[in-house]
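The following exercises concern salt bridges, strand pairing and overall dimensions. Please work through each one with the sequence and the structure at hand before reading its solution.

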Amino acid sequence: MSQEMNDQITRVGPEAPAGKVLRQYWQPAALSDELMGVRPVVPVKLLGEELVLFRDETGNLGLIGRHCPHRGADLAYGRLEDNGLRCPFHGWHFDCSGQCVEQPGEPEGSRMHEKIKAVSYPVREVNGIIWAYMGAGDPPPFAQFDCFRAPDTHVFAFKGLWECNWLQAMEVGIDPAHASFLHRFLQDEDPADSYGKQFRDKAGNTEIPMTKLLRDYPRPEITVDETDYGLKLTALRHLDDGRTHVRVTNQIFPQAICIPMSREMTITQWHVPVDDETCYWFSMFTSFGAPVDKVKMRDQRLEEHRLPDYAPLKNARNNYGYDVEEQGKLTYTGMGLDINVHDQWAVESMGRIQDRTQEHLGKTDVGIIKYRRMLRSAIAAMEAGEREALKMQNGGTEAIRGPLSNDAIAPDDNWVAASEAADLERRGQCNWDASV
């Protein structure tokens, strides 16, 4: 890849080619949890733009420019009052739309405030995440993905900070082969203790721990199909007894993935640029069974992250907790049992923006290759003024459901039917409408 092309698909500023594409989609801006305090105001940096998110006294949300249009003071320290945010510098007051509604220091009767409006973006709150639309025109509708259709009781949302570009963060999720190595456990835990943990359940309807299956069968056969929402990736691991393990994951355009976490849950995860060199992952854990134990799942993740910035406790500054003895006896990386740390090391160790002029893709990188072509096509469409050519921008988005995302065991060569049957069985037992 040329350096010019690498810049084209990674940079996220308002005039950057990829940045223009990302702005056509709803972006996770913050967790609802971040506005649960006494003062529901939080600074947000999203796609390189400095913003402030707040909830007023009536419950309405506002996402406006962080710097006051008067003389640039930081509105993240604003006074939350009178159904808006007031700058402490001169008292200028802004409502949720960014409109200045009062300038108490200006002459009596002044109407100057009517002409002052801060940058602002539409926001929407869905299942624990506050979403922002930063593009031109009307925001697109939300697809009926499982994470949006499920009741709040069955979805848990969390996020984490990674010090790298959004694209390499997303690409690790469309690489089915890496799980057999990066997430290899040299010892298998009891699957009964797998709640809230990825790759710790049993494989399909077998008694085989997923950790063992991934370790024993490191050469998946990977197929990638383009869909109306992005890509469907199928990884087949052919077992010695004649059966096939089928793992279906998805790329949701432009920067999300949907993957199976266990037989009960899926993870839908967005990789959201803070700027060109930093990103957050926002995950929605969706349960097809019992309501999510949000307290347990939050506590599990707060063991690995600090607040308020949700930065991981293990990072490059402490070598990701690397332990040489652990690498020899317990994990392939020597970096603990949390696979998020493994992924974090992989994508951050590439550099803030991966130098793709030096990479050599293999056959198992078929998902990454197809995704980059899809992104470049979207960039070309935006440059041609053809927004409707982008995924989920041309009508019918509300009819998109699912997507299928699971692990299954095929007793014969008909692995497509086996995977679909396992998905329908899970959905049929669900106590919310998970039909497809």
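**Exercise 1. Determine how many salt bridges the structure holds, and locate the partners of the pair R298 and D33.**

Solution. The model is a predicted one, and the structure holds 30 salt bridges. In one of them, the side chains of R298 and D33 meet with an N to O distance of 2.9 Å. R298 belongs to helix α6 (residues 294-302), whereas D33 sits in the loop between β1 (27-31) and β2 (41-46); the two are 265 residues apart, and the pair links distant parts of the chain. For the next step, recall that partly exposed residues lie between 20% and 50% relative accessible area. R298 has 25% and is therefore partly exposed; D33, at 29%, is likewise partly exposed.

**Exercise 2. Establish which parts of the chain are tied together by R149 and D433, and decide whether R149 is buried or exposed.**

Solution. The closest N and O atoms of this salt bridge are 3.4 Å apart. R149 lies in helix α3 (residues 146-149) and D433 in the segment after α10 (415-428), so the pair ties together parts that are 284 residues apart in sequence. The relative accessible area of R149 is 15%; the residue is therefore buried.

**Exercise 3. Describe the salt bridge of D309 and R306, then identify the residues joined into one network by salt bridges that share partners.**

Solution. The side chains of D309 and R306 meet at 2.7 Å, N to O. D309 is partly exposed at 23% relative accessibility, and R306 is partly exposed at 45%. Salt bridges with shared partners unite R79, E81, D82, R86 and E102 in one network.

**Exercise 4. Give the strand order of the open sheet of four strands, and explain why β5 and β8 are edge strands.**

Solution. The order is β5-β6-β7-β8, with antiparallel pairing. β5 (79-81) and β8 (100-102) each have a single partner strand, so one side of each is left without a neighbour in the sheet. Within the sheet, two bridges join β6 (residues 84-86) to β7 (residues 93-94). R86 has H93 in β7 as its bridge partner.

**Exercise 5. Compare the radius of gyration of the protein chain with that of a compact globule.**

Solution. For 436 residues, a compact globule would have a radius of gyration near 22 Å; the protein chain has 23 Å, which agrees. Taken along the principal axes, the C-alpha atoms fill a box of roughly 85 × 45 × 45 Å. Buried residues make up 56% of the 436 residues.

Definitions and conventions. Residues are numbered from 1 along each chain as its sequence is written. This is a predicted model: local features need pLDDT of at least 70, side-chain atom pairs count only at pLDDT 80 or more; totals for chains, interfaces and linings use all residues. Side-chain values use heavy atoms; hydrogens and water are left out. Two strands pair if DSSP finds at least two bridges between them. The radius of gyration is taken over C-alpha atoms; the globule rule is 2.2 Å times the number of residues to the power 0.38. Buried means under 20% relative accessible area, exposed over 50%, partly exposed in between (1.4 Å probe, protein chains only). A salt bridge is a side-chain nitrogen of Lys or Arg within 4 Å of a carboxyl oxygen of Asp or Glu.
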